[in-house]
Amino acid sequence: MTSPGKPRVLVCDDEPQILRALRVILRDAGFEAVPAETAEEALDLAAVRPTDAAIIDLVLPDLDGVALCSRLREWSEMPIIVLSAVGDEDAKVRALAAGADDYVTKPFSPRELVARLEANLRRTGPGPEEAVISANGLEVDLARRTVLRDGFEVHLTPTEFDLLRLLARNRGRLMTHRELLVSVWGTGYSDDTQVLRAHIANLRRKIEPPSGPRYIRTDPGVGYRFAA
């Protein structure tokens with residue numbers, strides 16, 4: 001019997017061995033898996049008893065994962081993570097545009113999957129906004145709009161700070177190019193990835209150590225995430 005408060009995760013994949021593996025991974029991490037082999041079954045299960053999150057494969061026998069994301073997003077705000085095969089970059093982008101929050105590439109690391117799931121659940125969970133976000137020697141003071149790295153102040157432009165704040169407040173979550181551009185610059189810049197890349201490069205130059213990226217990770221062709 002499910003213990004009270006245990007997060008329930010809808011898991012949709014038509015490969016029985018992956019479905020079994022996901023059930024074990026989630027059980028061991030303290031979640032209850034709600035398995036489905038088709039998109040229609042997943043929609044029925046989620047409608048009858050809504051789950052806290054969903055992990056869905058992009059390739060399903062009835063609807064594809066992109067369509068399933070869109071259908072779930074019509075009434076649910078739960079975090080959705082898509083599973084995709086290597087080389088499915090276009091499908092990943094379409095899934096994220098359809099409402100998915102993150103993606104994990106097959107074959108996947110159980111630890112990474114659980115970490116991504118927990119990060120997305122934290123993002124959507126209740127709780128006061130942090131006044132200061134700290135990660136690996138970097139401190140972002142949201143109220144004072146100041147940044148310290150290893151105790152030394154880093155001077156950012158207002159736009160650079162807005163970009164860093166957005167990434168840091170969504171730490172661990174993949175933020176698409178479009179999502180970052182619209183949130184920081186507005187809808188008129190939704191496709192201007194060159195502007196975004198230039199500001200990310202400047203931001204990295206100011207906050208990252210010489211050894212290489214520690215805070216801002218790139219998901220090629222899709223977007224960026226702040227390392228949790």
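Me: Which side chains meet in a salt bridge at 3.2 Å, N to O?

Reply: First, a caution: this is a predicted model. Now the general idea. Side chains of opposite charge can pair when their charged atoms come close. In this structure, the side chains of Lys106 and Asp13 form such a salt bridge, at 3.2 Å from N to O. The pair links distant parts of the chain, 93 residues apart. Lys106 sits in strand 5 (residues 102-106). Asp13 sits in the loop between strand 1 (8-12) and helix 1 (16-28).

Me: Is Lys106 buried or exposed?

Reply: Use the cut-off: buried means under 20% relative accessible area. Lys106 has 14%, so Lys106 is buried.

Me: Is Asp13 buried or exposed?

Reply: Asp13 is at 0% relative accessibility, so Asp13 counts as buried.

Me: What does Asp57 meet in a salt bridge?

Reply: Lys106 again. The side chains of Asp57 and Lys106 meet at 3.3 Å, N to O. Asp57 lies in strand 3 (residues 53-57) and Lys106 in strand 5, so this salt bridge ties together parts 49 residues apart in sequence. Asp57 counts as buried because its relative accessibility is 4%.

Me: How do I read a pair inside one helix? Where do Asp162 and Arg165 lie?

Reply: Look at the spacing in sequence. Asp162 and Arg165 are both in helix 6, three residues apart, so about one helical turn separates them. Their side chains meet in a salt bridge of 3.1 Å, N to O.

Me: How should I class Asp162: buried or partly exposed?

Reply: Partly exposed runs from the 20% cut-off up to 50%. Asp162 is at 22%, so Asp162 counts as partly exposed. Arg165, at 26% relative accessibility, counts as partly exposed too.

Me: Which residues do salt bridges with shared partners join into one network?

Reply: Trace the partners from residue to residue. Asp102, Glu112, Arg116, Asp219 and Arg225 are joined into one network by salt bridges that share partners.

Me: How many salt bridges does the structure hold?

Reply: The count is 17. Among them are Lys106 with Asp13 and Asp162 with Arg165.

Me: Where is Glu160, and what does Glu160 touch?

Reply: Place the residue, then list its contacts. Glu160 is in helix 6 (residues 158-169). Leaving out residues up to four places away in sequence, Glu160 touches His199, Asn202, Leu203 and Lys206.

Me: Is Glu160 buried or exposed?

Reply: Apply the under-20% cut-off once more. Glu160 has 4% relative accessibility, so Glu160 counts as buried.

How values were computed. Residues are numbered from 1 along each chain as its sequence is written. This is a predicted model: local features need pLDDT of at least 70, side-chain atom pairs count only at pLDDT 80 or more; totals for chains, interfaces and linings use all residues. Side-chain values use heavy atoms; hydrogens and water are left out. Helices (H or I, at least four residues) and strands (E, at least two) are DSSP runs, numbered from the N terminus. Buried means under 20% relative accessible area, exposed over 50%, partly exposed in between (1.4 Å probe, protein chains only). Contact means heavy atoms within 4.5 Å. A salt bridge is a side-chain nitrogen of Lys or Arg within 4 Å of a carboxyl oxygen of Asp or Glu.
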